[in-house]
Amino acid sequence: MERSKRGVKMRFANVNDRFCVLAADGRAIDLARASGGRIPAEPLAAYQQWDDVRDVAGTVLFRADMSMTFGESDLRNPAPGARQVFAVGLNYRDHSEEVGLPVPTELSVFTKFPTCFTDPYADVALPAGHVDWEVELVIVIGRRAHRIGTERAWDHVAGLTVGQDISERIIQMTGAPPQFSLGKSYPGFGPMGPVLVTPDEFADPGDLEIGCAVNGETAQCSRTSQLVFPVPEIIARLSAVTPLLPGDVIFTGTPPGTGIGQTPPRYLAPGDTLTSYITGIGEIRQKFYAAE
């Protein structure tokens, strides 16, 4: 696999709507302030200058005098305002099997409307219906990618984060064809975070443990090496059709253990807590309450 040669490994965070790089001690360095305004404070704008972000972050990463503490309540979605959002369906073989559908031979793509996205520790209003969980590895694009082969794909990735493709199954499955995008786009149905981790932070960014728990009970646990279409293949196939832009978000699919795949099916209820994680990135947590 072709790996990035950009230098120091990095972790980034959106701290109170300002793009920061994280020091080794977990403190945050505000890149706009540290760069004298060279790097925009707003995350989406920062992704448009990804090479500059990497260069500046590398020079200030060890400046303890510039760092600040933060807490969970300060963390926001690390990739807000994405211009394009892609989601890949049935991308784990055993998830296809649990829902009784054939394993795809072509990329199955839908979207989540951007108003569904929320922060890593946000509470979520639970609408009527059958609301299910789907933990996913999320890719954030850092460099424009158009007609990019698999061997170059990782060089266009800003980083990886944890996401939940929360889904209301009744609307999702209504109609022919069904309403995938609509059923997955209620407010709060796209939490992401807690941080963005560059691919070179991992020994193998294509093989990460991923899972989630409902009220402390494990629901999903797998590895991203089980993806039918791995990250480079997803980027190659999408960029063969449409340019991928800095700040774009790609949900890569969910492993088995979703509520709809259980016997009988199990869905989220008011008061439930959903905790989702990817080893090496961290965890996000949502508590659900009844929508008015």
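What is the volume of the second largest pocket? About 150 Å³, and we'll get there shortly.

Before you click anything, note that this is a predicted model, where local features need pLDDT of at least 70, side-chain atom pairs count only at pLDDT 80 or more, and totals for chains, interfaces and linings use all residues. Residues are numbered from 1 along each chain as its sequence is written, and side-chain values use heavy atoms, with hydrogens and water left out.

**Stop 1: the pockets**

Select G89, L90, L101, Q172 and F180: of the 19 residues lining the largest pocket, these are the closest to its centre. The pocket's volume is about 280 Å³. On a 1 Å grid over the protein atoms alone, a pocket is an open set of points where a 1.4 Å probe fits, with protein on both sides within 12 Å along at least five of seven lines; lining residues have an atom within 4 Å of a point. Grid points are joined across faces, edges and corners, and the volume is the space filled by probe spheres set on the points. Colour the lining by class and you get 8 nonpolar, 6 polar and 5 charged residues. Here Ala, Val, Leu, Ile, Met, Phe, Trp, Tyr, Cys and Pro count as nonpolar, Asp, Glu, Lys and Arg as charged, and the others, Gly among them, as polar.

Now for the second largest pocket: pick K9, M10, R11, L22, A23, A24, G26, L61, F62, F70 and E201, which line it. The split there is 7 nonpolar, 1 polar and 3 charged.

**Stop 2: helix 7**

Go to residues 231-239. Helix 7 is largely enclosed by the rest of the structure, because 7 of its 9 residues are buried (buried is under 20% relative accessible area, exposed over 50%, partly exposed in between, with a 1.4 Å probe and protein chains only). Helices (H or I, at least four residues) and strands (E, at least two) are DSSP runs numbered from the N terminus. The buried ones to highlight are V231, P232, I234, I235, A236, L238 and S239. Show strand 6 (85-88), strand 7 (109-110), strand 11 (135-141), strand 12 (157-164) and strand 17 (249-251) too; they are among what covers these residues.

**Stop 3: strand 15 and its partners**

Select 209-214. Strand 15 is mostly covered, with 5 of its 6 residues buried. On one pairing, strand 16 (residues 217-223) runs antiparallel to strand 15 over 6 bridges (strands pair if DSSP finds at least two bridges between them). A213 has T218 of strand 16 as its bridge partner. The two strands make a hairpin with 2 residues between them, and N215 in the turn has a positive phi of about 55°. Then add strand 18 (residues 273-278), joined to strand 15 by 5 bridges, also antiparallel; look for I210 opposite I278.

**Stop 4: the cysteines**

How many disulfides does a search of the whole structure find? It finds 0, a disulfide being a pair of cysteine sulfur atoms within 2.5 Å. Try C116: its sulfur is 17 Å from the closest cysteine sulfur, in C212, so that is too far for a bond. C221 is in no disulfide either, with the sulfur of C212 the nearest at 9.6 Å. C116 is buried at 0% relative accessibility, whereas C221 is partly exposed at 49%.

**Stop 5: I170**

Finish in helix 5 (residues 169-172), where I170 lies. I170 is partly exposed, with a relative accessible area of 44%. Setting aside neighbours within four places in sequence, I170 is in contact (heavy atoms within 4.5 Å) with G129 and H130. Draw a C-alpha to C-alpha distance from I170 to G129: 6.3 Å, for residues 41 apart in sequence.
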